[in-house]
Amino acid sequence: MTDNIADAKAKADTEPAIKKDRPWLFRTYSGHSSAAASNALFRTNLSRGQSGLSVAFDLPTQTALDADDVLARGEVGKVGVPISHLGDMKQLFDGIPLDQMNTSMTINAAAPWLLALYIAAAEAQGADRRQLAGTTQNDIIKEYLSRGTYVFPPAPSMRLETDVISFTAREMPKWNPMNVCSYHLQEAGAEPAEELAFAMANAITVLDMVKARGDIAPEDFPKVVGSISFFLNAGIRFVTELCKARAFAELWDEIALHRYGVEDPKLRRFRYGVQVNSLGLTEAQPENNVYRIMIEMLSVVLSKNARARAVQLPAWNEALGLPRPWDQQWSLRLQQIMAFETDLLEYGDIFDGSAEITAKVDQLKDLARTELAGLEKMGGVIRAVEQGYMKQRLVESNAKRLAAIQSGEQVVVGVNKFTEGEASPLVSGAETFLTPDPQAEISQIENLKAWRAARDNAAVETALKDLEAAAKDGRNIMDSSIACAKAGVTTGEWGDKLRSVFGEYRAPTGIAGAARAPMANADGLRGAVKALTEQLGTHPRLLVAKPGLDGHSNGAEQVALAARDAGFEVIYEGIRQTPAEIVAAAVQEGVHAVGLSVLSGSHLSLVADVMSGLKERGADDIPVIVGGIIPERDMQALKDMGVTRVFTPKDFEMSAMLSEVAKVMAA
């Protein structure tokens, strides 16, 4: 026996060392307040072992507005970094050699512009654009369905999207020009098969359009297919999410081979990054979010054949506010422990041959193929967006998810079960999340004015005229956008010029035809609304509104849907309304209450504008209710403004919340 053990040890000593796979890119999604503050954060994160940058832009930048635009009020620097011109982009990457960096930019409607600024900043560093590596999200379809940072109608938006793809195929071979982003589809309620099908349909639509343009030689088109990357979500249902990632990989290989004739397996490889689910992070017992994040990450790194190429993790406190550097460091350390302390990267795919995994993957692929066939029969993704079909499906799926949580069928620990416990010491301090500098907006506007005053305005006008001509003539927008960037054009000027050519767009809300989901204690709520109707002599009218640029409309949509089905008359016109527009609608419709939904951190300034507007119109007797990610410390300030009720994510029981709304109307 001893000899056998000794022989085994001797054999092991002579075997070559195990070669570990390279780990995925470690990212954190970062950016806030100003280019200078974000640059400092980038440098800190890189020094701590982060291996790629993932830039969060603020909402004015994402919607091609300048910091001094009326819609930008309260939004500058809140959920990302404001980039108004080339000077800001240079400051953002000061001291960071862009030809050595892999940079992901979450930008969609304004993707051509931010890529143009990035190229101009890199070339100012002396970099060759052909050496630049990274990704522009550049996925406009999901903006109409979930995230809401679209600007132009679908047809010109898709043209701009394909402009970027064609340009990078010619000029930037290392760049991923489109990140098909199913992440936000899941955040908007998509079930796994819907996330899979809608993302694949999106990619097919874009590639078909690029191919139809004819400016990519047929022999080069497989490289274009190979340049498309994806950005997935990973929820808490671990096995299902792991199988979804494998289904994505297998289905994409099938589409690339059979639809586009890509013979090189490397160009058919499903390349994706991931941020794990933020929708499931809870305000209640937020320390539990650490475990959720870890489990969700496992579903996209354990299976080698479908392992993410880049991972960025949210922080435990993102349901409370903007993470601090320490919170982001904690999430980064989780990735590093998984990659460097465990033996995960020493093995092949540990799920190959599993009957359970194979069956679930096949089921998801079959469901996705059925959905894809239905979308194609409908006339394609753009048609499905314009008709509101895809948005309606997401609203309905999200309603089912919320109904399951409210009924207790879907357990959320600390929210609808196991709610008793000790107070968390993690949230007992004065600052448990980062508060953007309140002077950031003022500083950015001053910066913008100084930039305009110092530039060559004749060069700006010449560049903008060429941009307009390119938009009208059908030329690729990228060359003229880069010229605009170098001439000193601002983000808002670029956006306004294209708005003048393409127009603006308001996407369907998905509410009108959405089916009702079961609601806990619905009968009691309907009885209260019926009694209120008799008291008022008319159906109670509730205006649900999204002030500012916050496009995350899931909560507002679900409130509007549930209120409508409970008997309220609901006025909901979707995202991106100014306080003045909300006030005008409240007065014109004669509403009995105004409900404002704000998740971007801009609640104090936007709510103040609505309250003052109602007072000016002599309508300050209309009660105002606010919902969103509202820190405890801001609640009293809102009440001091005259806000009647404040709801946060912990108020998840829809019938209880709407019952409170009914009481407010009856008072």
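## Exercises on charges, rings and patches

Helix 21 spans residues 522–536 and holds both Asp523 and Arg526, which sit 3 residues apart, about one turn of the helix. Helices here are DSSP runs of H or I with at least four residues, strands are E runs of at least two, and both are numbered from the N terminus. You are looking at a predicted model, where local features need pLDDT of at least 70, side-chain atom pairs count only at pLDDT 80 or more, and totals for chains, interfaces and linings use all residues. Residues are numbered from 1 along each chain as its sequence is written, and side-chain values use heavy atoms, with hydrogens and water left out.

### Exercise 1: a pair within one helix

Describe how the side chains of Asp523 and Arg526 meet.

Step 1. Start with the idea: side chains of opposite charge can pair when their charged atoms come close.

Step 2. Apply the rule: a salt bridge needs a side-chain nitrogen of Lys or Arg within 4 Å of a carboxyl oxygen of Asp or Glu. Asp523 and Arg526 form one, at 3.7 Å from N to O.

Step 3. Check the exposure, where buried means under 20% relative accessible area, exposed over 50% and partly exposed in between (1.4 Å probe, protein chains only). Asp523 counts as exposed because its relative accessibility is 64%. Arg526, at 26%, is partly exposed.

### Exercise 2: a pair between two helices

Work out which parts the salt bridge of Lys486 and Glu123 ties together.

Step 1. The N to O distance for Lys486 and Glu123 is 2.7 Å.

Step 2. Lys486 belongs to helix 19 (residues 477–487) and Glu123 to helix 5 (residues 111–124), so this bridge ties together parts that are 363 residues apart in sequence.

Step 3. Lys486 is partly exposed at 47%, and Glu123 is partly exposed at 25%.

Step 4. Now widen the view: Glu123, Arg129, Arg170, Glu171, Asp479 and Lys486 are linked in a network of salt bridges. The whole structure has 42 salt bridges.

### Exercise 3: rings in pairs

Classify the aromatic pair of Trp24 and Phe26.

Step 1. Recall the cut-offs: rings of Phe, Tyr and Trp (its six-membered ring) pair if their centres lie within 6.5 Å, and planes under 30 degrees apart count as stacked, over 60 as edge-to-face and the rest as tilted. A search of the whole structure finds 18 such pairs.

Step 2. The ring centres of Trp24 and Phe26 are 5.9 Å apart and the planes meet at 75°, so the pair is edge-to-face. For practice, take Tyr144 and Tyr150: with 5.1 Å between centres and 35° between planes, they are tilted.

Step 3. Trp24 and Phe26 are both buried, and both Tyr144 and Tyr150 are buried.

Step 4. Finally, find the aromatic cluster formed by Phe230, Phe248, Trp252, Phe270 and Tyr272.

### Exercise 4: a nonpolar patch

Locate the nonpolar surface patch that includes Ile236.

Step 1. Patches are made of residues with over 30% relative accessible area and no salt bridge, with like charges joined within 9 Å and nonpolar side chains (Val, Leu, Ile, Met, Phe, Trp, Tyr) within 5 Å. Accessible areas come from the Shrake-Rupley method with a 1.4 Å probe, and for residues only the protein chains shown count as cover.

Step 2. Ile236, Tyr291, Met294 and Ile295 make this patch of about 360 Å².

Step 3. Ile236 sits in the loop between strand 8 (229–234) and helix 11 (238–258), and is partly exposed at 43%.
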